[in-house]
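Colleague: Could you take me through the ligand site up close? I'd like to know what surrounds the ligand and what touches it.

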Amino acid sequence: MSEEKFFYQTEAAELLKMMISSVYSNKDIFLRELISNASDALDKRRIECLRNTELAENKNPEIKIEINADSKTLSVSDNGIGMTRDELIKYLGTIAKSGTKEFLKAAKNENTQSELIGQFGVGFYSVFMVADKVEVLTRKLGSSETFKFISDGSGSYTIDDTETRDECGTTITLFIRPKADDDSKDYLNEWTIREIIGKYSDFISWPIYFKDKIINSQKAIWQRPDSEIKEDEYKEFYKHLTHDWRDPLTHIKINAEGSTNFKGLLFIPSEAPLDLFMNPESGGISLYINRVFIMNDCKDLIPQYMRFIRGVIDSEDLPLNISREILQDELIIRVIRRSTQRKIFSELKKMLENDRENYIKFWLSFGRILKEGVIQDHENAKTILGISLFRTTENDGWTTLSEYESRMKPDQKGIYCLAGRDNLSALKASPKIEPFTSKGYEVLLMTDPVDEVILQEANFILPEESKDLLNIAKDDVTPYSEDEKKANEKKLKEIDSEFEPLRKKALEIFGDKLETVRPSLTLTSSPACLKDAPGGMSLQWENLMRSAGQTPPVQKRILELSANNPVVKKLISLSKDNSDKVSDILRVLYDQSLILEGVMPDDPAGFVKRVDELMAVALKDG
Ligand code: ADP
């Protein structure tokens, strides 16, 4: 083989085109990306040599930057792990990142394009913002073959094997595009390069050589005193670590001294980046031992429900040759995990108390993940519920449980809650809420999938002194006092015999689905409402099971029909004559009450047909 031509994967080609014409104002970051990749490559080589003792140790690990005014090139070299031919194709010829398609669709709008580029993090491809040709000369650790990748960012690239590198590693040479105007930066200028490295890459732990001198301080940012570090340095470190191009929401520093010594620098991203949860390369917490990188995405350092946290933990007490497999058995790891978790809880609590605006941002992005901890981690369930935000019927904002408690009426038995659906406005319209709000009680509206599980289990998990979470979908949870209940029952008895034919009719139709049908004097605007039997499974839970591919056991529910509603009143009187209309309208009412719960009727076509017929009749009469 000498030279072979390849075509970029469609998405990659599209992304490249976007880079070439990019108006993204911060073009400097291409250098940060290249240095980050070089640093990762040196980390990977070191780890590989630890694992495989036959491979030669890297005697002078380094990153080298060179500029050449004559050829108008800028190059970044490393003697790290290098790439094979297949890896060149896989990493530089395609985009493996999840969410690429969505990104490209969103980026069609030029106004938001540059912002999106910033959010997506295009990595290596960002070189095409400043270069019109790129050459990558690389040799993989342990291999004797050298490959050269050449691309001008158009639809194709070439790979040849005609040159050789003496050592493994990678050199990336950019043929810098002429300056577009006087305002744009000159990336062949020594001081421009010094400034960019100082700003973005100073903390890189490997030496960066420029003009034969090391130009980065190589100080691990988490080892330096807080007072010495500028906010921007944290931000740049975060970006290096995560490949997220946006600023983090906040950082958390840990300095644990005592029986176990470790330092940590953790970040909460500002939003879940498109690929945050999918890209293991940029995942989770990186473990360092005495400033030496050991592994990224160290899952044992943090509970699963805190998986949105990024950062570094550096321990003094672990052996350097530790492997992923034995990590979870290490007592030290468990100690670190506990104290990290505690610190994160306390920082979140602080943010909730002092910076509500940012906390809401955090909650919108990651609240539903954190809340999984209520189920996974019983020991901390109360802490998590304590820093959880909920929607409520009280206002358009958010509330914590304790804020809700402070507004509770003196006679109120617990916290009234209703869970279901992702859709807040649909939840707000549920007929189940009416009896509570009409009596002036506030209802928590829980919209996350995990909320349904929390409601089922919270009262077993929560300590005794906590207020109960009362699920108002359950038939035995009502806003009424014993006296009110008695008075209500008395009134219902009075209309019971009148209601009987309608109940009989309804049970004839829905006998397999309903435990009972009864009139209600408390529904204010809705004609019908489906309630869960006290010990039974909720509709939402049934829905969750179905969406997980399971078949829930049959649940019989309670159908309440509003005795004050004109339609129901008419039905009561018609049912005495056994009219056909009654069953049709009952079916529509039943399906309506399912729809209000966010559940599709069993026979949607039948529902539509019946509503059509009712409309036809209504229009004829009009
Ligand atoms: P990211 O770094 O976010 O994964 P990039 O587009 O910057 O995305 O790089 C894609 C992949 O190419 C890297 O994950 C890495 O596997 C490989 N790569 C890039 N630069 C180098 C390098 N200098 N040495 C070895 N591998 C590299």
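Modeller: Start with aspartate 78: an N or O atom of its side chain sits 2.9 Å from a nitrogen atom of the ligand. That's a polar contact here (a pair of N or O atoms within 3.5 Å). Before we go on, this is a predicted model, where local features need pLDDT of at least 70 and side-chain atom pairs count only at pLDDT 80 or more, while totals for chains, interfaces and linings use all residues. Residues are numbered from 1 along each chain as its sequence is written, and side-chain values use heavy atoms, leaving out hydrogens and water.

Now to the oxygen side of things. The side chain of asparagine 37 puts an N or O atom 2.8 Å from a ligand oxygen. With phenylalanine 124 it's the backbone that does the job: one of its N or O atoms is 3.0 Å from an oxygen atom of the ligand. As for cover, the ligand on its own has 540 Å² of accessible area (Shrake-Rupley, 1.4 Å probe), and the protein covers 88% of that.

Stepping back to the whole shell, 11 residues are around the ligand (a heavy atom within 4 Å). Asn37, Asp78 and Phe124 are among those that come nearest, and Tyr91 and His243 join them. By type, the shell splits into four nonpolar, four polar and three charged residues; Tyr and Phe count as nonpolar, Asp as charged, and Asn and His fall among the polar ones. Helix H2, residues 29-51, gives the most to this shell, namely three residues; helices here are DSSP runs (H or I) of at least four residues, numbered from the N terminus.

Methods: A polar contact is a pair of N or O atoms within 3.5 Å; within protein, one must be able to donate a hydrogen and the other to accept it, and residues adjacent in sequence count only if both atoms are side-chain atoms. Helices (H or I, at least four residues) and strands (E, at least two) are DSSP runs, numbered from the N terminus.
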